[in-house]
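These are my notebook entries on one structure. I set down what I looked up, topic by topic.

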Amino acid sequence: GGPAPVVDGSQTLGRRAGDAQSTTGAAPAPTAILPLAEPEPVPPGENMLTLSQASGTGTWAYYAEQYARLRGCNVTDQGAQLIESRSDGEIHKVACAGADSFLLKCQNGVCRGLQ
């Protein structure tokens, strides 16, 4: 036996793709390849590293809000606000409706009151 015959299925595939698209019978437009744009400098506040850290900050904010709720705080729409990020943890302020706000230090999954 010689080499196996090669079957060209592109016409069949093209017809099926055309049937699946609009009924106008128009062929799909070829995909344009755009030249690569020169990257623009990213401001420090929008750096991806900053965004990655923000996800961690959100976790601490959640713990801070839970700490305040467990102590009778009706947390306002502002939620927990990051006051300071330090090497030994983060300082958050949680505003309570009609009551004093909580000032907390969060580190390693634990938040402690500072007042």
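**Entry 1. Salt bridges**

I began with a definition: I counted a salt bridge where a side-chain nitrogen of Lys or Arg lies within 4 Å of a carboxyl oxygen of Asp or Glu. I also noted that this is a predicted model. Searching the whole structure, I found three salt bridges. I recalled that side chains of opposite charge can pair when their charged atoms come close.

I looked up R69, which is paired with E65 in a salt bridge whose closest N and O atoms are 3.7 Å apart. Both R69 and E65 belong to helix α2 (residues 48-70), where they are four residues apart, about one turn of the helix. I then checked the accessibility of the two partners. R69 has 42% relative accessibility and counts as partly exposed, whereas E65, at 18%, counts as buried. The cut-off for buried is under 20%, so E65 falls in that class.

I turned next to D88. D88 forms a salt bridge with R86, and the closest N and O atoms are 3.1 Å apart. D88 also takes part in a salt bridge with K105, again with the closest N and O atoms 3.1 Å apart. K105 is in strand β3 (residues 99-107) and D88 in the loop between β1 (75-86) and β2 (89-96), so this pair ties together parts that are 17 residues apart in sequence. I recorded R86, D88 and K105 as linked in a network of salt bridges. For accessibility, I noted that D88 is partly exposed at 28%, that R86 is partly exposed at 35%, and that K105 is partly exposed at 23%.

**Entry 2. Disulfides**

How many disulfides does the count come to? I obtained two disulfides. I kept in mind that a disulfide is a covalent bond between the sulfur atoms of two cysteines.

C73 is joined to C96 by a disulfide with an S to S distance of 2.0 Å. The torsion about the S-S bond of C73 and C96 is about -115°, so I entered this disulfide as left-handed. C73 lies in the loop between α2 and β1, and C96 in strand β2, so the pair ties together parts that are 23 residues apart in sequence. I found C73 buried, with a relative accessible area of 8%, and C96 buried at 8% relative accessibility.

C106 is joined to C111 by a disulfide, also with S to S at 2.0 Å. Here the torsion about the S-S bond is about 105°, so the disulfide of C106 and C111 is right-handed. C106 is buried, with a relative accessible area of 0%, and C111 counts as buried at 11%. When I numbered the bonded cysteines in sequence order, the pairing was 1-2, 3-4.

**Entry 3. The nonpolar core**

I recalled that in soluble globular proteins nonpolar side chains tend to be buried together. Which residues of the largest nonpolar core touch the most other members? The core has 14 residues, and I listed A64, C73, V94, F102, L104 and C106 as those with the most contacts to other members. I found that α2, β1, β2 and β3 are the elements that give two or more residues to this core. The largest share, five residues, comes from α2.

**Entry 4. A buried histidine**

I looked up H92, which is in strand β2. H92 is buried, with a relative accessible area of 0%. The side chains of H92 and E90 are joined by a polar contact of 3.0 Å.

**Entry 5. Aromatic rings**

Searching the whole structure for aromatic pairs, I found three. The rings of W60 and Y63 have centres 6.0 Å apart and planes at 45°, so I entered this pair as tilted. W60 and Y63 both lie in helix α2, three residues apart, about one turn of the helix. The rings of Y62 and Y63 also have centres 6.0 Å apart, but their planes are at 65°, so that pair is edge-to-face. Ring pairs link W60, Y62 and Y63 into a cluster. I noted Y63 as partly exposed at 34% relative accessible area and Y62 as partly exposed at 47%.

Last, I looked up the ring of Y67. R71 lies over the face of Y67, at 3.6 Å from the ring centre.

Definitions and conventions. Residues are numbered from 1 along each chain as its sequence is written. This is a predicted model: local features need pLDDT of at least 70, side-chain atom pairs count only at pLDDT 80 or more; totals for chains, interfaces and linings use all residues. Side-chain values use heavy atoms; hydrogens and water are left out. Buried means under 20% relative accessible area, exposed over 50%, partly exposed in between (1.4 Å probe, protein chains only). A disulfide is a pair of cysteine sulfur atoms within 2.5 Å. A nonpolar core is a set of buried Ala, Val, Leu, Ile, Met, Phe, Trp, Tyr and Cys residues joined through side-chain atoms within 4.5 Å. A polar contact is a pair of N or O atoms within 3.5 Å; within protein, one must be able to donate a hydrogen and the other to accept it, and residues adjacent in sequence count only if both atoms are side-chain atoms. Rings of Phe, Tyr and Trp (its six-membered ring) pair if their centres lie within 6.5 Å; planes under 30 degrees apart count as stacked, over 60 as edge-to-face and the rest as tilted. A charge sits over a ring if NZ of Lys or CZ of Arg is within 6 Å of the ring centre and within 35 degrees of the ring normal.
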